[in-house]
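Reader: I want the reasoning behind the labels, not just the labels. Shall we take them one at a time?

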Amino acid sequence: MVDFHTTEVIENLAAEIGKVVYIDVAKWHLYLTDAKLHTIVAQQVYPLLVENNLNEDNVTRVLSNISVKIGGGKRDVPLADLLPLQCQVDLMDLLEDFQRQL
């Protein structure tokens, strides 16, 4: 059975992530919403929020485990490698604020 409240919370979290976090490639910023990665990030960090396991190491681990295909699928790069440090900081701030609102 689908928990509609959880789905709604994850969708809201994904929307916030998609507006703040971007991939930086050659100084071009591709926001996660445009890259269609915001939802997968939200789905994978949500358990950290509800289980009170939110910390930088766990978030970095999640980002490292999300594979991004580049070059038409010729290569996979961990999402963590594509995010500038400031985006990772902004993501942590966003997640901490979101967790307080849960």
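Reader: Why is Lys36 called exposed?

Author: This is a predicted model, and every value comes from its atoms. Lys36 has a relative accessible area of 66%. Exposed means over 50%. Lys36 is therefore exposed. Lys36 sits in the loop between strand E2 (28–31) and helix H2 (38–50).

Reader: What makes the phi of Lys36 worth a remark?

Author: Its sign. Most residues other than glycine have a negative phi. Lys36 is not a glycine, and its phi is positive, about 60°. Asn52 also has a positive phi of about 60° without being a glycine. Asn52 is found in the loop between H2 and helix H3 (56–65).

Reader: Why does Asn52 count as exposed?

Author: Its relative accessibility is 62%. The cut-off is over 50%. So Asn52 is exposed.

Reader: Why does Asn58 count as buried?

Author: Asn58 belongs to helix H3. Its relative accessibility is 16%. Buried means under 20%, so Asn58 is buried.

Reader: What does the side chain of Asn58 reach?

Author: The backbone oxygen of Asn53, at 2.7 Å. A polar contact needs N or O atoms within 3.5 Å, and 2.7 Å meets that limit. Leaving aside neighbours within four places in sequence, Asn58 is in contact with Leu48 and Asn53.

Reader: How do you know that E1 and E2 pair?

Author: Count the bridges. Pairing takes at least two. E1 and E2 are joined by four and run antiparallel. One bridge sets Ile23 against Leu30 in E2. Two residues lie between the strands of this hairpin, where Ala26 takes a positive phi near 50°.

Reader: Why is Leu30 called partly exposed?

Author: Leu30, in strand E2, has a relative accessible area of 39%. Buried is under 20%, exposed is over 50%, and partly exposed is in between. So Leu30 is partly exposed. Beyond neighbours within four places in sequence, Leu30 contacts Tyr22, Ile23 and Ala35. Leu30 and Leu83 are 53 residues apart along the chain, with their C-alpha atoms separated by 9.9 Å.

Reader: How do you know that E3 and E4 pair?

Author: The test again is at least two bridges. Strand E3 (residues 67–70) and strand E4 (residues 75–78) have four, in the antiparallel sense. Val68 stands opposite Val77 in E4. The two strands form a hairpin with four residues between them. Gly71, in the turn, has a positive phi of about 65°.

Reader: What makes Val77 buried?

Author: Val77 is part of strand E4. Its relative accessible area is 14%. That is under 20%, so Val77 is buried. Not counting residues up to four places away in sequence, Val77 touches Ile66, Ser67, Val68, Ile70 and Leu82. Val77 and Thr39 are 38 residues apart in sequence and 18 Å apart in space, C-alpha to C-alpha.

Reader: Which residues have the most contacts inside the largest nonpolar core?

Author: Leu13, Ile17, Leu79 and Leu95. This core has 33 residues. Helix H1 (4–20), strand E1 (22–25), H2, H3, helix H4 (79–82) and helix H5 (85–101) each supply at least two of them. Setting aside neighbours within four places in sequence, Leu79 is in contact with Ile23, Leu32, Leu37, Val41, Leu63, Ile66 and Val68.

Reader: How does the span of H5 compare with what is expected?

Author: H5 has 17 residues and reaches 25 Å from its first C-alpha to its last. The expected figure, at 1.5 Å a residue, is 24 Å. The span is close to that.

Reader: Why do you say that the buried residues of H5 line one face?

Author: Seen down the axis of H5, the buried residues fall within an arc of 165°, so they line one face of the helix. They are Cys87, Gln88, Leu91, Met92, Leu94, Leu95, Phe98 and Gln99. They pack against H1, E1, H2, H3 and H4. Leu85, Arg100 and Gln101 are exposed on the other side of H5.

Reader: Why is Gln88 on the buried list?

Author: Gln88, in helix H5, has a relative accessible area of 18%. The limit is under 20%. Gln88 is therefore buried. Residues up to four places away in sequence aside, Gln88 touches Leu63, Ala80 and Leu83.

Technical notes: Residues numbered from 1 in each chain as written. Predicted model: local features only at pLDDT ≥ 70, side-chain atom pairs only at ≥ 80, totals over all residues. Heavy atoms only, no water. Buried < 20%, exposed > 50% of the residue type's maximum accessible area, 1.4 Å probe, protein only. Polar contact = N/O pair within 3.5 Å; in protein donor to acceptor, adjacent residues only side chain to side chain. Contact = heavy atoms within 4.5 Å. Core = buried A, V, L, I, M, F, W, Y, C linked by side-chain atoms within 4.5 Å. Expected span 1.5 Å × (residues − 1). Arc of directions from axis to C-beta.
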